[in-house]
Amino acid sequence: MDYSLEQRAEQIIVECMNTSCTNPYEIFHIIAGKDYVRIHGPEHHVLDGACILTAFHNAGGNIDLHAALQKLMYEGLRMPGAACGLWGVCGAVTSIGAALAIIDGTGPLSTEDWGSHMEYTSEALAKLAQIGGPRCCKRDAFTSMEQAVGYINRRYGITLDLSPIKCDFSLYNAQCIGMRCPYNAQEN
């Protein structure tokens with residue numbers, strides 16, 4: 001089936017609403033393997049933050065998960081594909097940054113917590129820059145999630161699980177960087 005971007009995002013939300021997992025990587029791995037999630041694509045701008053929101057909620061975080069996922073879907077769908085190469089900011093990082101803003105209820109006029117999400121995004125972007133390109137939506141999601149779990153566990157007193165990450169998607173990525181990737185299955 002040929003899914004529109006909106007249909008892809010809606011499917012992601014349905015999957016997130018139907019899991020009790022507290023490990024964002026496991027949630028991601030299950031959903032990213034579905035036929036409506038491409039190896040690269042702007043659906044990751046919804047998927048990555050949705051996995052964080054879902055794990056946060058399932059670990060006891062005080063949010064209305066359905067409302068949070070709807071807000072994240074709206075924000076994620078506004079960001080175009082290829083932002084990593086064209087804008088210098090990765091959609092995985094911005095998706096998770098949006099999820100953190102939703103958790104805190106912040107906006108552009110907030111005074112409290114306004115810069116805290118920028119701490120996360122700057123750390124995550126620095127890690128992505130160290131790894132280098134070309135693009136890989138899966139690698140960027142993994143790196144962004146690793147940074148987010150540490151940030152969430154410190155900041156919110158919520159314990160999100162994060163198992164060792166191993167990439168199962170490299171065979172589908174024509175631009176895979178192989179052994180340079182910290183999630184390369186042969187290294188882990």
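A pocket is an open set of grid points with protein on both sides within 12 Å along at least five of seven lines. In this predicted model, the largest pocket holds about 610 Å³ of space. Its lining comprises 21 residues. Those nearest the centre are Glu 75, Thr 94, Gly 97, Ala 98 and Ala 101. Three helices, α4 (65-78), α6 (91-104) and α7 (116-131), each supply at least two lining residues. The largest share comes from α6, with 7 residues. By class, the lining of this pocket has 10 polar, 8 nonpolar and 3 charged residues.

The second largest pocket has a volume of about 200 Å³. Its lining is made up of 16 residues. Gly 41, His 45, Ala 82, Cys 84 and Cys 137 lie nearest the centre. Two or more lining residues come from each of α3 (44-58), α5 (83-86), α6 and α8 (137-155). Here α3 gives the most, with 3 residues. The lining of the second largest pocket divides into 7 nonpolar, 6 polar and 3 charged residues. Helix α6 thus appears in the linings of both the largest pocket and the second largest pocket.

Enclosed space was also examined. The structure holds 1 cavity of 30 Å³ or more. About 90 Å³ of space lies in this cavity. It is lined by 13 residues, and the closest to its centre are Cys 136, Cys 167, Ser 170, Cys 176 and Cys 181. By class, the cavity lining has 8 nonpolar, 3 polar and 2 charged residues.

Cysteine pairing was considered next. A disulfide is a covalent bond between the sulfur atoms of two cysteines. The structure holds 0 disulfides. The cut-off for such a pair is a sulfur separation within 2.5 Å. For Cys 51, the closest cysteine sulfur belongs to Cys 16 and lies 5.0 Å away, so the two are too far apart for a bond. Cys 51 counts as buried because its relative accessibility is 0%. Cys 90 is likewise unpaired, because the closest cysteine sulfur, in Cys 84, is 6.2 Å from its own, too far for a bond. Cys 90 is buried too, with a relative accessible area of 7%. Its neighbour in this comparison, Cys 84, is also among the residues nearest the centre of the second largest pocket.

Definitions and conventions
Residues are numbered from 1 along each chain as its sequence is written. This is a predicted model: local features need pLDDT of at least 70, side-chain atom pairs count only at pLDDT 80 or more; totals for chains, interfaces and linings use all residues. Side-chain values use heavy atoms; hydrogens and water are left out. Buried means under 20% relative accessible area, exposed over 50%, partly exposed in between (1.4 Å probe, protein chains only). On a 1 Å grid over the protein atoms alone, a cavity is a set of points where a 1.4 Å probe fits but cannot get out, and a pocket is an open set with protein on both sides within 12 Å along at least five of seven lines; lining residues have an atom within 4 Å of a point. Grid points are joined across faces, edges and corners, and a volume is the space filled by probe spheres set on the points. Ala, Val, Leu, Ile, Met, Phe, Trp, Tyr, Cys and Pro count as nonpolar, Asp, Glu, Lys and Arg as charged, and the others, Gly among them, as polar. Helices (H or I, at least four residues) and strands (E, at least two) are DSSP runs, numbered from the N terminus.
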